[in-house]
Every structure is written in C-alpha cells, then in structure tokens.
Amino acid sequence: MTSTEASLDGSPYQQYLYAYPHKTSYRPLRPRPSLAEVWRAEPREALFLYLHVPFCEMRCGFCNLFTRAHAPQEQVTAYLRQLRRQAEQVADALGGDAGYARAAFGGGTPTYLTAGELTELFDIATGTVGARLPGVPLSVETSPATATPDRLAVLAAHGTTRVSIGVQSFLDVEARAAGRPQRCTEVETALAAIRQARIPVLNIDLIYGIDGQNAGTWQESLDAALAWQPEELYLYPLYVRPLTGLGRRAHDRADWDAQRLALYRQAVETLGAAGYRQESMRQFRRRDVPVPDGPDYCCQDDGMVGLGCGARSYTTGLHYSFDYAVSVSQVRAVLDDYLARPADDFRYAEVGFHLDDAEQRRRWLLTSLLRVDGVDADAYRARFGCPPTDDFPQLGRLVERGWATNGGLRLTAAGLARSDAIGPWLTSAQIRAAMTGFVLR
C-alpha cells in the first residue's frame, strides 16, 4: 500500500473521522443487492443495532446530521409505522440466528418522541428485531428540552445503560453563539432528571472553539459538567460546515486552530486531574467506571444493523444506508422518500460503498489507531496475515513527528490532539476522491 496524498502539515482540525468510509463516499448501488445475500456469509451472533430518529426540537447551528426540526405529529407517527415495516423486512432477511451485543438510539434526538412513542420504539427493537433490552448495553441520545422524567422512565424501564446529552456549553451566551438557544437552568433541570432516573452512565457533550469562548469560560463549562460527576464526557472541537446554520455566517478567525488546541489541552489537564481517563481525542471516562458489561463486541470485526432513514449498516465488505443530505429541503425530500417506500424496498441495500481487501485493512487500522490503546498488532495479523506496519509503512512518519510510538501503532498525547488530521491523512485516495465528488445538498 502506498501513502495517501493528504498532508499532515495543515490544520489539526480537518475532519472528524467517526466512521470509515464517510457517507459522502457512498453511491447508489445498482443493481441493488438483497440484504439476504449481503448478510448470508456474515457472522451475525454479535451485531450492533442502531435505530435512527431523525427529529429534533431545533436544528443546532453546528449540526450537519440528518435530522428535521419541528416535524409535524403525523410525520412522526408515519415514521414509526414505516420503521416497523423496515424492521420486519430486515429481521426476515437476516434470519432467526441474528443476535445483538450492543444497541443505540440516535438521531436526531430520540427523546423528541413522547413517552408512548419511545415505548413503541423499544417494541420495534425487541419484539420485531429481537434485541434483548434489558440485557445488552444500550445508549440513547437526549437533549435538555426533551430529557423529561416520563421519557427517562421509559428508557430506564427498558434497561438503558447510557444517556448522552448535548449540552455544548453551560453559558447561555455561548450556547446561543453555537446556534443552540437554551438556558443553563433548563440544562440543570435535565441533568437532575437523568440522575433521578438512575441510568448507570451519564455522558455530557461539550464544544470548544465557540465564538467568544476563552480559557475562563471554557473552565466554567468544564467545572459545571464535573459537578454532576458524569461517567463520561465527550469534548468536540467546533466545526463550521457547509449548509449548517453557522456555515451561513461569516467565520474567518486566523487564531482559531491555536485557540481550539489550547482549549483541548486545558480540558485534558482538567479532566485528568479530576480522575478521568482519556479514551480518544473526544472521549473521557471516569476512572472508577467499569467498561459496560455485556456480550463481546468488536467494531473492527462485527457488523452493524441500522434502521431508519439516516442509519448506516455495515458488513465486512459493504457499508450501506439511504441517501444523505444536510439542507432542510433535501432532508425533507429524503425523509418523504423513505416514508413513501413500499415494504419490499427494505429488503435491499440502497446506497453504499463496497470495501475491497485494502479498504478493509485501512478501516480496521483507523478504528483502532485513533483510540488511546492503539492498534492491536496481533489481532491485525490474525485477521489479515501480516503486521499492520507492512501494510502501512507511512505510520513511521507519525513516529518521526513524535505523534506515535510502537512503530506508529499507538498515538502519543500530541498525536491524539491531531486525530482529526491523522484520520484524513490515512484515508485512501479512492475514498477521498469519492468524498470530494459528492454534491452536498
């Protein structure tokens, strides 16, 4: 394998590589493969189940996720009905031996649904798909406005093990600057309700790099979050992306990279002193919190089944989903198309990317390297028959820069800080070209 053409010398904030390949590299699959054929030879005993709810009470200024704000009630009802139809077809295609080791409800904001609608969502996951809830680790995303006691009671009753709430900032002025109008009092009420529900893991999302934010105000948000002793925190550098609310504003700050890097380092120091272990550039877990107990699951080797309009699924050689959009009008168009589909359409993969052997190796590397523990060379060799450094000799350049150790298989603190540059640097030329050719809409 040859080195990619991307540079390590630019901004440390190029792209958040939360999945590989990115959905902007997906293209329509023609002919559409049947899910029965896609999954026929795949191990199915330890899958990840993801249910996507594409609704929010508001669209945050930084958000480029597939979601609709203020959806009419009749569309929410129709969505749940269609989601069940899709679940029925997917469950039939996978067969009765499919088992789920992890589950997540995301979006959007799943708790945009009422308590009764959340109960229906759980029935789809358990009664239609067959996930054991309670029984396996389940994470659900929420927001300050929707983390209400009645909704949280439904989550707790069905064994939810983790609730993630997007706070972003505990300062009202910063929340507004990030395009998330909310009040700290509302945030505190929601956090109290989550703690009252006794869900084992609370995760708080915060953002750094907001206009007007400085070391002092960032410390205020960190301290306010730590006062709740969350089991996890996710810290995100602000990105201003096309077609988002912030993307429509002028945003030209020469010192932005340096500011975000300084705020990141401040957070690493603060959370380390408070007893948190860093798991990745973004994830921090309280040291006394054990890893969630449940069946073994490995994201590098085990598949994912995504249900809903914005969900992705993946097998060893195919990642697939429905169409992707960001703008309000195009999200609504994709959502309308999903709701209008006949049930039989859900027996096929619609849009996706076929991963050849080289891309499978690259994905395995990336999903490991950007974590604190790094790449398990023995596991890589067992899967692919050679050491990862044979396939990726360019990792030595990370060692030369002081960004990695162990032959480039484990990032240093300085390397973790540059995860959003290292991920794009290791993205293949094929994937990068497909992403560049995607018309964002």
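Start by selecting Y314 and H319: in this predicted model, Y314 sits opposite H319, a residue of β14. Now widen the selection to the strands around that pair. β13 covers residues 313-314, and it pairs with β14 in the antiparallel sense over two bridges. Color the loop that joins them, too: β13 and β14 make a hairpin, with three residues between them.

Next, stay on β14, residues 318-321, and show its side chains. Which way do they point? L318 and Y320 go one way, while H319 and S321 go the other, and all of them are buried. If that pattern looks familiar, it's because side chains in a regular strand alternate between the two faces of the sheet.

Now add residues 351-354, which are strand β15. β14 pairs with β15 as well, again in the antiparallel sense, this time over four bridges. Click on H319 once more and look across to F353, its bridge partner in β15.

Time to leave the strands and pick two helices: α2 (residues 73-94) and α3 (residues 115-128). Their axes come within 10 Å and cross at roughly 5°. Angles under 35 degrees count as roughly parallel, so α2 and α3 are roughly parallel to each other.

To see what fills the contact, show sticks on the α2 side for Q73, V76, L80, L83, R84, A87, E88 and A91; they meet E117, E120, L121, D123, I124 and T128 in α3. How do the residues of this contact divide by type? Color by class and you'll get seven nonpolar, two polar and five charged.

Definitions and conventions: Residues numbered from 1 in each chain as written. Predicted model: local features only at pLDDT ≥ 70, side-chain atom pairs only at ≥ 80, totals over all residues. Heavy atoms only, no water. Buried < 20%, exposed > 50% of the residue type's maximum accessible area, 1.4 Å probe, protein only. Pairing = 2+ DSSP bridges. Axes fitted to C-alpha atoms, helices over the stretch in contact; angles between N-to-C directions. Parallel < 35°, antiparallel > 145°, perpendicular 65-115°, else oblique. Contact = heavy atoms within 4.5 Å. Nonpolar A, V, L, I, M, F, W, Y, C, P; charged D, E, K, R; others polar.
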